[in-house]
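Let's take a walk through this model, starting with how far to trust it and then heading inside. Keep the structure open as you read.

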Amino acid sequence: MDTLNLLMGGFESALTPVNLLFAFAGVVLGTAVGVLPGIGPAMAVALLLPLTFGMETSSALIMFAGIYYGGMYGGSTTSILLNTPGESATVITAIEGHKMAKAGRASQALATAAIGSFVAGTIGTALLVTVTPIVVKFAVSLGAPSYFAIMVLSLVTVTAVLGSSKIRGFAALGLGLAIGLIGMDPVSGQKRLTFGFAPLIDGIDIVVVAVAIFAIGEALWIAAHLRRTPAHTIPVGTPWMGKEDWKRSWKPWLRGTAFGFPFGALPAGGAEVPTFLSYVTEKKLSKHPEEFGHGAIEGVAGPEAANNASAAGTLTPMLALGLPTNATAAVMLAFLTMKGIQPGPFLFENEPDLVWALIASLFIGNTLLLLINLPLAPLWAKLLKIPRPYLYAGILFFATLGAFSVNMQVADLWILLLIGLLGFALRRFGLPVLPLILGVIIGPMAEEQLRKTFQLSSGSASGIWSEPLAVGIYVLIAVLLLLPVLIRFIRRSRGVNTTVADQVLGEAPEQPKHKAGVAYEGRSDEERNDS
Amino acid sequence: MTIVVGYIPSEEGEVALSRAIEEAKQKNSRLIVVNSSKGDQLVDDRLIDAKQHHELEARLTHTGLDFWIQRQSQGIDAADQILHVAEAQRAELIVIGLRKRTAMGKFIMGSVAQRVLLQAGCPVLSLKAKNDW
């Protein structure tokens, strides 16, 4: 009852004309950046950070939430029409979605994706409302050692379990943690990694890092690969679904939601695993297994729902624990810190208006997204005709402006350029960006908890494992790290191929895709390359 | 002798192409069809795809002309491409289609036709999709 009252209060503040306007701006912008491959919601939020200095915190957060959800909707459009997944979460959607589009069923694919996203997003947000307060109740009782352990867990899982290569993941994480260390030591006031360069004493502003990695790095990367043979427009009517499509879609939506939310809510996060699991399940349960690989509507409905439910789930650790598990949540958290709001379990207690307005705005944004996506899909597809030099020139301009406006110092521009080059190098050498940005954001938070732990245990290292929960989490981390190695070892000795655990913990995201389409071994990849 | 025609799959492009075929038949010259995209857009309907290329080829073969299709998927600017081919082949005539552009549109996007008209070293025949009167 209490929760419901708070939620109603949230709706009250989210439904003011100004906040509605921001929610609308957010979803429109989010869909646009989602549609354009290469520009994700994380980049959009990072670019908008400096604009929010003068804004009400709740309005800005409502806009960011709209961008976050909108990006998920928009990504599916590009996947279906162009076979170019805008982000990893929509890779699976492209497999069946693009086949449907090629077979002239683009409008049905877009409709099932949009409606499925709406259903999953709404259920996911409702689950968020029920689960998060419980997690918070549990989280406030956590001591510094357990807290530190949870942060280590989320860093390790995001880096080791989700990425394509552990070494690359940890390299990126190391870089992120190193950037996070720059500046004054919070306890002793010692200067770290400043190299006698005065502007570094305050540390590198998170806005600068986020803008550099997401905007500058990506723009340089695109500039290096500017040209590609353009595709042809696939004609899209207004999305609609026949009776048969509804009948085949609603179960995958619900199952996808059931997969997506828990995976999103885990501190490990990520939408890749649930979308993949949903695809495999739909393929197994489908009454038309022969259609898979040729454009089965279940293969779009399930993963698309899973992806949006996991987006809602991701907000659980972010709001309850202050732990972001994807790039957009990380930048949103950076925004809260910038506004002087302490993320973590006390967020619900200290800023209830803000949190509940945000959650209410998720419901509103979801509905707005359905309204603007269903009838306007052909219009969104037109965005793909924008010549990319114009687009990236604009992004670079706003990135520079944004980074400068944070502290109004020229040194920030040099740092921006340097970290931007680092972002380019990351992409060039296949290092994932997510561990780096999480390292920059979670690193200092984890350090604070670690220092607290040591202060409590008066400097003895045993303080780290002084709480039972912390010990349990370290065991879990060890299991997570060792399990794939163990499975590979067992498999080699037995010669058995796929196990569920291997699919869940599968190192290479490409690898399971082959397994998913055994009948069409490698064909989906070939097709992706030639279009 | 050679005739160069700038072709895009649109009403204007079709008009230019059929006129160029007529001219080439009359003068018994070689016909070069230029179709190009800079490749900086993700979706570009002006570039002919494999199917359209094939159909175009069949259509030109049917006319009995000596022809060549120059298709550039990641090329230079369309105007430069046309001028470049025309100069290399010492073309006697360039045929292009014109479409309506607002002043603002021309300011932002430039005009391929205008550049061909001004910079070509040979006569340029420019056609509109429909006669206005």
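Since this is a predicted model, start with confidence. Within chain A, the low point is helix α21 (residues 510-516) of chain A, where pLDDT has a mean of 38, while the high point is helix α17 (residues 410-428) of chain A, at 93. Around that low point, residues 501-531 of chain A stay under 50, and the model has 34 contacts beyond four places in sequence for this stretch. For chain A as a whole, the mean pLDDT is 84, with 92% of its residues at 70 or more.

Now go inside. The largest nonpolar core holds 162 residues, and A46(A), A210(A) and V211(A) touch the most other members. Helix α6 (residues 106-139) of chain A gives this core its largest share, 16 residues. A separate core has 30 residues, including I8(B), L17(B), A79(B) and V124(B).

Zoom in on V211(A): leaving out residues up to four places away in sequence, its partners are A46(A), L47(A), I216(A), A399(A), G402(A), A403(A) and L416(A).

Helix α7 (residues 144-161) of chain A is worth a quick ruler check. Its 18 residues should span 26 Å at 1.5 Å a residue, and the end C-alpha atoms sit 25 Å apart, so the two agree. As for its surroundings, α7(A) is mostly covered, with 18 of its 18 residues buried.

Finally, look at where the chains meet. Here 12 residues of chain B are in contact with 16 residues of chain A. On the chain B side, that makes three nonpolar, five polar and four charged residues.

Key: Residues numbered from 1 in each chain as written. Chains lettered and ligands numbered in written order. Predicted model: local features only at pLDDT ≥ 70, side-chain atom pairs only at ≥ 80, totals over all residues. Contact = placed C-beta atoms within 7 Å. Nonpolar A, V, L, I, M, F, W, Y, C, P; charged D, E, K, R; others polar. Core = buried A, V, L, I, M, F, W, Y, C linked by C-beta atoms within 7 Å. Buried ≥ 20, exposed ≤ 12 C-beta atoms within 10 Å, placed from the backbone. Helix = DSSP H or I, 4+ residues; strand = E, 2+ residues; numbered from the N terminus. pLDDT = per-residue confidence, 0-100. Expected span 1.5 Å × (residues − 1).
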